[in-house]
Amino acid sequence: MDDRTQASLDTVMAFMGAMGSGDMDTMGTLMADDMVWHNEGDASLPWIGGATGKENVFAFLGKFSENFRTTAWENTDAFASGDTVAVFGRMNGITIHSGKEVGEFSFALRAKVKDGQVVLWHWFEDSFAVSQAYNG
């Protein structure tokens, strides 16, 4: 793996680790000022859609954390090429709205890194399963 690819993978994994531990300071350091965050899925869920810019991304993440509590997370595969990183895995959680557990579901991430910071976080999840739990 070349240095650029390794650096991109390291940045994304560090960002993901900071997010998982609630380390907002590290997340902010690893986030480009004009970062784009986009979650694909059922638009009836409050955290589906996106945000542009560090302040808006943090507000968007606040909306997510008000509505979903992650109970399990496992990265199963990660690949990188140049500035692009893909991560796949499984997770589980409880939707605060209904109090229901989603059940294990798959996720995929496509991220881009520039100058040691995340500029794109494009998230894909099994929004049908999540929506079913959220909407009771």
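Q: Which residues does Leu 120 touch, beyond those up to four places away in sequence?

A: In this predicted model, Leu 120 touches Met 35, Val 36, Arg 110, Ala 111 and Lys 112, once residues up to four places away in sequence are not counted. Leu 120 itself sits in strand S6, residues 117–125.

Q: Is Leu 120 buried or exposed?

A: Compare the relative accessible area with the cut-off: buried means under 20%. Leu 120 is at 16%, so Leu 120 counts as buried.

Q: How far apart are the C-alpha atoms of Leu 120 and Gly 136?

A: They are separated by 32 Å. Along the chain, the two residues are 16 residues apart.

Q: How do I check the length of helix H1 against what is expected?

A: Take the span from the first C-alpha to the last. H1 has 19 residues and reaches 27 Å. That is close to the 27 Å expected at 1.5 Å a residue. The helix runs over residues 3–21.

Q: What caps the N-terminal end of H1, and what follows the helix?

A: Asp 2 is the cap. One of its side-chain oxygens lies 3.1 Å from the backbone nitrogen of Arg 4. After H1 comes Gly 22, with a positive phi near 75°.

Q: Which residues of H1 are buried?

A: Start with the general idea. An α-helix has 3.6 residues a turn, so residues three or four places apart point the same way. In H1 the buried residues are Thr 5, Ser 8, Leu 9, Thr 11, Val 12, Phe 15, Met 16 and Ala 18.

Q: What do the buried residues of H1 pack against?

A: One helix is on the list: H2 (24–30). The strands are S1 (31–40), S3 (68–81), S4 (84–95), S5 (105–114) and S6. Take Thr 5 as a case. Its relative accessible area is 5%, so Thr 5 is buried. Leaving aside neighbours within four places in sequence, Thr 5 is in contact with Ala 80, Ser 81 and Gly 82.

Q: Is Gly 20 of H1 buried or exposed?

A: Gly 20 belongs to H1. Its relative accessible area is 72%, so Gly 20 is exposed. Gly 20 and Thr 70 are 50 residues apart in sequence, yet 8.9 Å apart in space, C-alpha to C-alpha.

Q: Where does Thr 26 lie, and how far is its C-alpha from that of Ala 14?

A: Thr 26 is in helix H2. Its relative accessibility is 30%, so Thr 26 counts as partly exposed. The C-alpha atoms of Thr 26 and Ala 14 are separated by 8.4 Å, with the two positions 12 residues apart along the chain as the sequence offset.

Q: How much space lies in the largest pocket?

A: The general idea first. Rolling a probe the size of a water molecule over the atoms shows where empty space is left. Here the largest pocket holds about 510 Å³. The elements giving two or more residues to its lining are H1, H2, S1, H3 (54–67), S3 and S6. H3 gives the most, with six residues.

Q: Which residues lie nearest the centre of the largest pocket?

A: They are Met 19, Gly 20, Phe 64, Thr 70 and Trp 73. The full lining counts 26 residues.

Q: How many aromatic pairs does the structure hold?

A: A pair of aromatic rings is described by the distance of the centres and the angle of the planes. This structure holds 13 aromatic pairs. One of them joins Phe 79 and Phe 88: 6.2 Å centre to centre, 65° between the planes, edge-to-face. Phe 79 is partly exposed, at 49% relative accessible area. Phe 88 is also partly exposed, at 33%.

Q: Which residues do ring pairs link into a cluster?

A: Trp 47, Phe 64, Phe 68, Phe 105 and Tyr 134. Phe 64 is also among the residues nearest the centre of the largest pocket.

Q: What polar contact does the side chain of Asn 92 make?

A: Its partner is the side chain of Glu 101, at 2.5 Å. Asn 92 is in strand S4. Its relative accessible area is 11%, so Asn 92 is buried. Beyond neighbours within four places in sequence, its contacts include Phe 68, Thr 70, Val 102 and Phe 105.

Q: What is the phi of Asp 115, and where is this residue?

A: Phi is near 50°, a positive value in a residue other than glycine. Asp 115 is in the loop between S5 and S6. At 71% relative accessible area, Asp 115 is exposed.

How values were computed
Residues are numbered from 1 along each chain as its sequence is written. This is a predicted model: local features need pLDDT of at least 70, side-chain atom pairs count only at pLDDT 80 or more; totals for chains, interfaces and linings use all residues. Side-chain values use heavy atoms; hydrogens and water are left out. Helices (H or I, at least four residues) and strands (E, at least two) are DSSP runs, numbered from the N terminus. Buried means under 20% relative accessible area, exposed over 50%, partly exposed in between (1.4 Å probe, protein chains only). Contact means heavy atoms within 4.5 Å. Rings of Phe, Tyr and Trp (its six-membered ring) pair if their centres lie within 6.5 Å; planes under 30 degrees apart count as stacked, over 60 as edge-to-face and the rest as tilted. The expected span of a helix is 1.5 Å times one less than its number of residues. A polar contact is a pair of N or O atoms within 3.5 Å; within protein, one must be able to donate a hydrogen and the other to accept it, and residues adjacent in sequence count only if both atoms are side-chain atoms. On a 1 Å grid over the protein atoms alone, a cavity is a set of points where a 1.4 Å probe fits but cannot get out, and a pocket is an open set with protein on both sides within 12 Å along at least five of seven lines; lining residues have an atom within 4 Å of a point. Grid points are joined across faces, edges and corners, and a volume is the space filled by probe spheres set on the points.
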